[in-house]
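Biologist: I'd like to go through this one with you and hear how each label is earned. Can we start once it's on the screen?

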Amino acid sequence: MTFGNSAPDASPYADEGPYGTPVVHKKAGLTRRGKIAIAVAGVAIVGGGTIWFQAHSAAVAKEEKEAAALQLQMKELELKEMKIRNETATTEKKAAAASARKVQAAVDKCVKDSSDLIGKGFGSPSRSDVVADCKQQYETADGSGMQAAGSAQDTGNAGGGGINSPALLGLVAGGGLAIAVFARKGKKADA
C-alpha cells in the first residue's frame, strides 16, 4: 500500500532495467595486494642474485689468489731443488777432480819408482808397460773399479755356485712326492 508520494518498496527480485540486471565489468589485472607481493618478490630475487653474484665473485677471486700462491710456492721449490742439484753436481765434480789428481799423483809416483826397471835388459818392461800397469793398479782404487768388481761378483754368483730358490723348491717337491709314493705302497703291502 502506498500513501501519497512515497515510492513503492523495491523488491529484490524486480528488474532494474528493460534487459535485466546490469553487469558490472571489473578491470582485468592484479589487485593492489598482488602487485605489492610481486614487487616484494622481484626485489628479493634481484637482491639475492646480487648478493650471490658478489659472494661468488669473491670466492672465485680467492681461489685464483690461492692458485697463484700455490704456483709461486711450486716455483720456489723447483728453484730450491735446482740449487741443491747444482750444489751436489759441483761437489761431485770437485771430488772427482780431487780423486783424479790423487790417482794421477799415485800413477806418477809408481812410474817414478819403477823407472829403474825400464830398459835394463831383455824381457824388462818398457815405459808404456810400466805406465799401463801403474794406471791399472791405481785407477781401480778410486772406487769405480770396486763397484764394477762387486757387480761382476754378483752376476757370477747368480747362476752356478749355490742352491737357488727354484732348485730348492724342486728338491722339496720331489722329496714330498717320493715320501707320498712310498707311504702309499706301504699301506697297500700291509693290507
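Modeller: Sure. Helices here are DSSP runs of H or I with at least four residues, and strands are runs of E with at least two, numbered from the N terminus. Read that way, the elements of the protein chain go α-α-α-α from the N terminus on. Bear in mind that this is a predicted model.

Biologist: How many helices and strands does the protein chain have?

Modeller: There are 4 helices and 0 strands.

Biologist: What makes you say that α1 has a span close to the expected one?

Modeller: The expected span is 1.5 Å times one less than the number of residues. With 82 residues, α1 would be expected to span 122 Å, and from its first C-alpha to its last it reaches 120 Å.

Biologist: How do you know which parts of the protein chain to trust, going by confidence?

Modeller: The pLDDT is the predictor's own confidence in each residue, on a scale from 0 to 100. The protein chain averages 78, with 67% of the residues at 70 or above. Confidence is highest in α1, at a mean of 93, and lowest in helix α3 (residues 144–159), at 49. Over residues 152–159 the pLDDT is below 50, and that stretch has 0 contacts in the model beyond near neighbours in sequence.

Biologist: Why are cysteine 110 and cysteine 134 called a disulfide?

Modeller: The cut-off is a pair of cysteine sulfur atoms within 2.5 Å. In this pair the sulfur atoms are 2.0 Å apart, and cysteine 110 and cysteine 134 form a disulfide. The structure holds 1 disulfide.

Biologist: What does the disulfide link?

Modeller: Distant parts of the chain: cysteine 110 sits in helix α1 and cysteine 134 in helix α2, 24 residues apart.

Biologist: And why is the disulfide of cysteine 110 and cysteine 134 called left-handed?

Modeller: The torsion about its S-S bond is about -65 degrees, so the disulfide is left-handed.

Biologist: Do cysteine 110 and cysteine 134 count as buried or exposed?

Modeller: Buried means under 20% relative accessible area. Cysteine 110 has 13% relative accessibility, so cysteine 110 counts as buried. Cysteine 134 has 2%, so cysteine 134 counts as buried too. Across the protein chain, buried residues make up 4% of the 191 residues.

Biologist: What touches cysteine 134, leaving out residues up to four places away in sequence?

Modeller: Val107, Cys110 and Val111 do. On the same terms, cysteine 110 touches Cys134, Gln137 and Tyr138.

Biologist: What makes the largest nonpolar core a core, and which residues are in it?

Modeller: A core is a set of buried residues of types such as Val and Cys, joined through side-chain atoms within 4.5 Å. The largest one has 6 residues: Val103, Val107, Cys110, Val111, Val130 and Cys134. The elements giving two or more residues to this core are α1 (32–113) and α2 (127–139). The largest share, 4 residues, comes from α1. In α1, Val103, Val107, Cys110 and Val111 are buried.

Biologist: So both cysteines of the disulfide belong to that core.

Modeller: Yes, Cys110 and Cys134 are both listed in it.

Note on methods
Residues numbered from 1 in each chain as written. Predicted model: local features only at pLDDT ≥ 70, side-chain atom pairs only at ≥ 80, totals over all residues. Heavy atoms only, no water. Buried < 20%, exposed > 50% of the residue type's maximum accessible area, 1.4 Å probe, protein only. Contact = heavy atoms within 4.5 Å.
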